[in-house]
Amino acid sequence: MSTRIVVLVSGAGTNLQALIDACADPAYGARIAAVGADRDGIEGLARADRAGIATFVARVGDFSSREHWDRALADKVAAFEPDLVVLAGFMKLVSEDFLARLTTVNTHPALCPAFPGTNGPAAALAYGVKVTGATLFVVDGGIDTGPIVAQVAVPVEDDDDVESLHERIKVAERQMLVDAVGRIARDGLVVEGRKVRIGTPAP
Ligand SMILES: Nc1nc2c(c(=O)[nH]1)N[C@@H](CN(C=O)c1ccc(C(=O)N[C@@H](CCC(=O)O)C(=O)O)cc1)CN2
Ligand SMILES: NCC(=O)N[C@@H]1O[C@H](COP(=O)([O-])[O-])[C@@H](O)[C@H]1O
């Protein structure tokens with residue numbers, strides 16, 4: 001039995017593609033049941049189409065309130081009965097109600113708790129850090145505050161701009177995401193307060 005995953009995206013979907021590629025191996029232990037987005041016409045949805053994966057879109061503007069959008073999004077995700085939801089470049093905050101229904105992880109292009117929000121690489125560059133990276137965390141009601149599942153460090157080079165830095169982060173981020181999601185799929189996820197372990201609960 002493989003772990004059912006729903007992936008939510010808002011853009012290019014290179015992290016999604018890494019998961020699609022990993023799921024081609026049955027030994028990986030996971031399969032992508034569906035890919036959802038908050039907007040049309042993005043490469044992430046095209047990648048899912050090409051792989052024969054079901055897709056859906058829920059646009060905030062099509063709903064009378066943010067709350068209605070959030071509930072509709074959760075309903076669409078839940079219809080695919082996922083064991084795990086992966087936010088991979090999904091640029092919308094989801095509510096506590098969504099998170100109470102669906103175990104959800106998010107990949108963020110910075111070393112949390114540093115540089116939360118939508119511009120992690122730009123914020124790291126502006127601050128002048130020499131090392132940044134990517135973080136996979138269990139999503140909670142805050143912004144990039146959830147318990148940390150995995151992190152990977154990436155050097156900042158003297159001549160980096162935001163694009164070159166983000167591209168270097170994304171290479172490491174995709175590997176971290178694939179490794180961690182595969183381990184979660186095969187061994188399970190245990191969250192005890194701020195501590196996350198992959199595998200069985202502590203004795
Ligand atoms: N409850 C949570 N939802 C999400 C988290 C999270 O930590 N908790 N992580 C995000 C991803 N994220 C950065 O890591 C992030 C995405 C979007 C925003 C934001 O302010 N979005 C605006 C709209 C921006 C747009 O549409 O381009 C919004 O939601 O109105 C902040 C952080 C995934 N969700
Ligand atoms: N705050 C969320 C955020 O910044 N997410 C980031 O967007 C990129 C999406 O790339 P992709 O669409 O090619 O996977 C990734 O680097 C992801 O961490």
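**Exercise 1. Locate the residues G13, T14 and N15 that UniProt lists under "binding site" in an unreviewed entry, and describe the surroundings of G13 and T14.**

Solution. UniProt positions are given in the numbering used here, feature names are shortened, and annotations may be inferred rather than shown by experiment. The model is predicted: local features need pLDDT of at least 70, side-chain atom pairs count only at pLDDT 80 or more, and totals for chains, interfaces and linings use all residues. Residues are numbered from 1 along each chain as its sequence is written, while chains are lettered from A and ligands numbered from 1 in the order in which they are written.

Step 1: position. G13 sits in the loop between β1 (3-9) and α1, and T14 belongs to helix α1. Helices (H or I, at least four residues) and strands (E, at least two) are DSSP runs, numbered from the N terminus.

Step 2: burial. A residue is buried if 20 or more other C-beta atoms lie within 10 Å of its own, exposed if 12 or fewer, and partly exposed in between, with C-beta atoms placed from the backbone. G13 has 23 C-beta neighbours inside 10 Å and therefore counts as buried. T14 has 18 C-beta neighbours inside 10 Å, so T14 counts as partly exposed.

Step 3: contacts. Two residues are in contact if their C-beta atoms, placed from the backbone, lie within 7 Å. Not counting residues up to four places away in sequence, G13 touches I42, E43, G44, R47 and G89. With the same exclusion, T14 touches K170 and R174.

**Exercise 2. Describe the shell around ligand 2: which residues come nearest, and how do the residues divide into nonpolar, polar and charged?**

Solution. Step 1: membership. A residue is near a molecule if its C-beta atom, placed from the backbone, lies within 6 Å of it. There are 17 residues around ligand 2, of which A12, T14, N15, G89 and P109 come nearest.

Step 2: elements. At least two residues of this shell come from each of α1 (14-23), β5 (104-108) and α6 (162-187). The largest share, three residues, is that of α1.

Step 3: classes. Ala, Val, Leu, Ile, Met, Phe, Trp, Tyr, Cys and Pro count as nonpolar, Asp, Glu, Lys and Arg as charged, and the others, Gly among them, as polar. The shell around ligand 2 has five nonpolar, ten polar and two charged residues.

Step 4: domains. Domain 1 (1-102) and domain 2 (107-203) each give at least three residues to the shell around ligand 2. Domain bounds come from an automatic or database domain assignment.

**Exercise 3. Describe the shell around ligand 1, and characterise M91 and V94.**

Solution. Step 1: membership. Ligand 1 is surrounded by 15 residues, the closest being M91, K92, L93, N106 and H108. They comprise seven nonpolar, six polar and two charged residues. Domain 1 (1-102) and domain 2 (107-203) each contribute at least three residues to the shell around ligand 1.

Step 2: the record. UniProt, in an unreviewed entry, lists R66, M91, K92, L93, V94 and N106 for "binding site".

Step 3: M91. M91 lies in the loop between β4 and α4. M91 has 13 C-beta neighbours inside 10 Å and so counts as partly exposed. Leaving aside neighbours within four places in sequence, M91 is in contact with S10 and T118.

Step 4: V94. V94 is likewise in the loop between β4 and α4. V94 is buried because 20 or more other C-beta atoms lie within 10 Å; there are 21. Beyond four places in sequence, V94 is in contact with D70, L99, T104 and V139.

**Exercise 4. Which residues does G182 touch, not counting residues up to four places away in sequence?**

Solution. G182 is found in helix α6 and is buried, with 20 other C-beta atoms within 10 Å. G182 touches A22, Y28, G29 and A30. G182 and G29 are 153 residues apart in sequence, yet their C-alpha atoms are 6.4 Å apart in space.

**Exercise 5. Describe how domain 1 and domain 2 meet.**

Solution. Step 1: separation. The C-alpha centres of the two domains lie 19 Å apart.

Step 2: contact. 19 residues of domain 1 are in contact with 16 residues of domain 2. On the domain 1 side, α1, β4 (84-88) and α4 (96-101) each supply at least two residues. The largest share of that side, five residues, comes from α1.

Step 3: classes. The domain 1 side divides into 13 nonpolar, five polar and one charged residue.
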